[in-house]
Amino acid sequence: MRVILLGPPGSGKGTQGDLLEKRHGFPKISTGDLLRREVRLGTPLGKKAEASMGRGELVSDEVVVEMLQKRIAQPDCRSGYILDGFPRNVAQALKLEKVIGTGPEIVFDIHLREQSLVSRLSQRRICPGCGAIYSLLTLSPEKRDVCQACGSSLIQRNDDTPKVIKERLKVYHEQTVPLIDYYRRRNVYHKIDGEGKVEDVFDRISAILDREMAKLKGAEAAR
Ligand code: AMP
């Protein structure tokens with residue numbers, strides 16, 4: 001099962017992807033996390049990507065597709081994966097189809113009001129050690145600094161600042177929104193209301209995923 005999580009920055013793709021990974025066992029692959037790792041390690045790829053990321057612009061399709069291609073060739077991706085943050089434009093969607101020979105089985109597009117997106121992004125903290133995502137809106141003050149999973153100190157992403165958030169939302173509207181039509185036409189698109197509690201959003205996604213997985217199994221059995 002290949003799942004794509006679409007949606008603007010701050011809509012909860014990473015958090016929902018982690019929950020889906022836990023429940024279904026497919027690895028969640030975040031191209032943003034992969035890129036941040038390359039930047040942290042100071043690799044040539046990281047050096048190429050760093051400036052665009054800092055400005056809130058997209059990294060070149062070539063760099064991202066090559067990186068993703070390597071990741072999905074790994075054995076844990078054999079029966080499926082959940083993509084968070086890829087594709088970001090139609091050219092990437094086409095390249096992905098070329099690489100895997102088919103399209104994704106299901107696309108969830110998590111929607112949120114712009115005001116909620118900005119507030120969530122400004123309150124977000126991440127763990128540089130294990131990639132866990134936190135929100136100051138839900139963390140108690142004594143737990144604000146340390147990752148509860150691995151003990152590393154939490155940080156704010158350097159692109160979660162007002163100026164860069166504005167640019168990332170602009171890039172989303174210009175380049176990523178056309179993917180809605182693209183996947184709608186392929187009958188794999190599902191719009192999800194991303195407002196409310198994390199568990200409620202997850203229930204909305206899970207209900208559709210369970211139904212679609214049952215359909216796919218039924219179709220396979222009939223073959
Ligand atoms: P994210 O963690 O998904 O918010 O991504 C953080 C940043 O990484 C983005 O603002 C882009 O600069 C870069 N990035 C992540 N995924 C992609 C992608 N599929 N294509 C191009 N750039 C990406």
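Me: Let me start with one residue: is Lys28 buried or exposed?

Reply: Good place to begin, and keep in mind that this is a predicted model. A residue counts as buried when its relative accessible area is under 20%. Lys28 has 13%, so it is buried.

Me: Where in the fold does Lys28 sit, and what is it in contact with?

Reply: Lys28 belongs to strand β2, which covers residues 28–30. Leaving aside neighbours within four places in sequence, its contacts are Gly14, Gly17, Asp18, Glu21, Asp33, Ile82 and Asp84. With Asp18 there is also a polar contact, 3.1 Å between the two side chains.

Me: Now the whole chain, please. How many helices and strands are there?

Reply: The chain has nine helices and seven strands. Along the principal axes, its C-alpha atoms fill a box of roughly 55 × 40 × 35 Å.

Me: What does the radius of gyration say about the chain?

Reply: The idea is to compare the value with the one expected for a compact globule with this number of residues. For 223 residues that would be near 17 Å, and the chain has 17 Å, so the two agree.

Me: How much of the chain is buried, and what makes up the area it exposes?

Reply: Of the 223 residues, 47% count as buried. The chain exposes about 11,900 Å², with carbon and sulfur atoms supplying 51% of that area.

Me: And how do I read contacts by their separation in sequence?

Reply: Take the contacts between residues at least 6 apart in sequence, then ask what share joins residues at least 24 apart; in this chain the share is 71%. Ile133 and Gly14 give you a pair to look at: they are 119 residues apart in sequence, yet their C-alpha atoms are 7.6 Å apart in space.

Me: What else does Ile133 touch, and how accessible is it?

Reply: Not counting residues up to four places away in sequence, Ile133 touches Gly14, Thr15, Asp18, Arg124 and Arg125. Asp18 should sound familiar, as it is also among the contacts of Lys28. Ile133 is in strand β6, residues 133–135. Its relative accessibility is 29%, so it counts as partly exposed.

Me: Let us turn to the ligand. Which residues are closest to it?

Reply: The ligand is surrounded by 16 residues, and the closest are Thr31, Arg36, Glu57, Gly85 and Gln92. By type, this shell divides into six nonpolar, four polar and six charged residues. Helix α2, residues 31–41, gives the most to the shell, with four residues.

Me: Which side chains have a polar atom close to an oxygen atom of the ligand?

Reply: Three arginines are worth finding in the view. A polar side-chain atom of Arg36 is 3.0 Å from a ligand oxygen. For Arg88, an N or O atom of the side chain is 3.1 Å from an oxygen atom of the ligand. For Arg157, the corresponding distance is 3.0 Å. As for cover, the ligand has 480 Å² of accessible area on its own, and the protein covers 96% of it.

Me: Is Asp109 buried or exposed?

Reply: Asp109 has 0% relative accessibility, so it counts as buried. This residue is in strand β4, residues 106–111.

Me: Which polar contacts does the side chain of Asp109 make?

Reply: One joins it to the side chain of Tyr189, at 2.5 Å. In another, a polar atom of the Asp109 side chain is 3.4 Å from the backbone nitrogen of Gly7. Residues that Asp109 touches also include Leu6, Tyr172, Ile180 and His190.

Me: What should I look for in the backbone itself?

Reply: Two general habits help: most residues other than glycine have a negative phi, and most peptide bonds are trans. In this model, the peptide bond from Phe86 to Pro87 is cis, with omega near 0°. Pro87 is in the loop between β3 (81–84) and α5 (90–100).

Me: And where is there a positive phi in a residue other than glycine?

Reply: Look at Asn187, where phi is near 60°. Asn187 is in the loop between α8 (178–185) and β7 (189–193). With 69% relative accessibility, Asn187 counts as exposed.

Notes: Residues are numbered from 1 along each chain as its sequence is written. This is a predicted model: local features need pLDDT of at least 70, side-chain atom pairs count only at pLDDT 80 or more; totals for chains, interfaces and linings use all residues. Side-chain values use heavy atoms; hydrogens and water are left out. A residue is near a molecule or strand if one of its heavy atoms lies within 4 Å of it. A polar contact is a pair of N or O atoms within 3.5 Å; within protein, one must be able to donate a hydrogen and the other to accept it, and residues adjacent in sequence count only if both atoms are side-chain atoms. Accessible areas come from the Shrake-Rupley method with a 1.4 Å probe; for residues, only the protein chains shown count as cover. Helices (H or I, at least four residues) and strands (E, at least two) are DSSP runs, numbered from the N terminus. Ala, Val, Leu, Ile, Met, Phe, Trp, Tyr, Cys and Pro count as nonpolar, Asp, Glu, Lys and Arg as charged, and the others, Gly among them, as polar. Buried means under 20% relative accessible area, exposed over 50%, partly exposed in between (1.4 Å probe, protein chains only). Contact means heavy atoms within 4.5 Å. The radius of gyration is taken over C-alpha atoms; the globule rule is 2.2 Å times the number of residues to the power 0.38.
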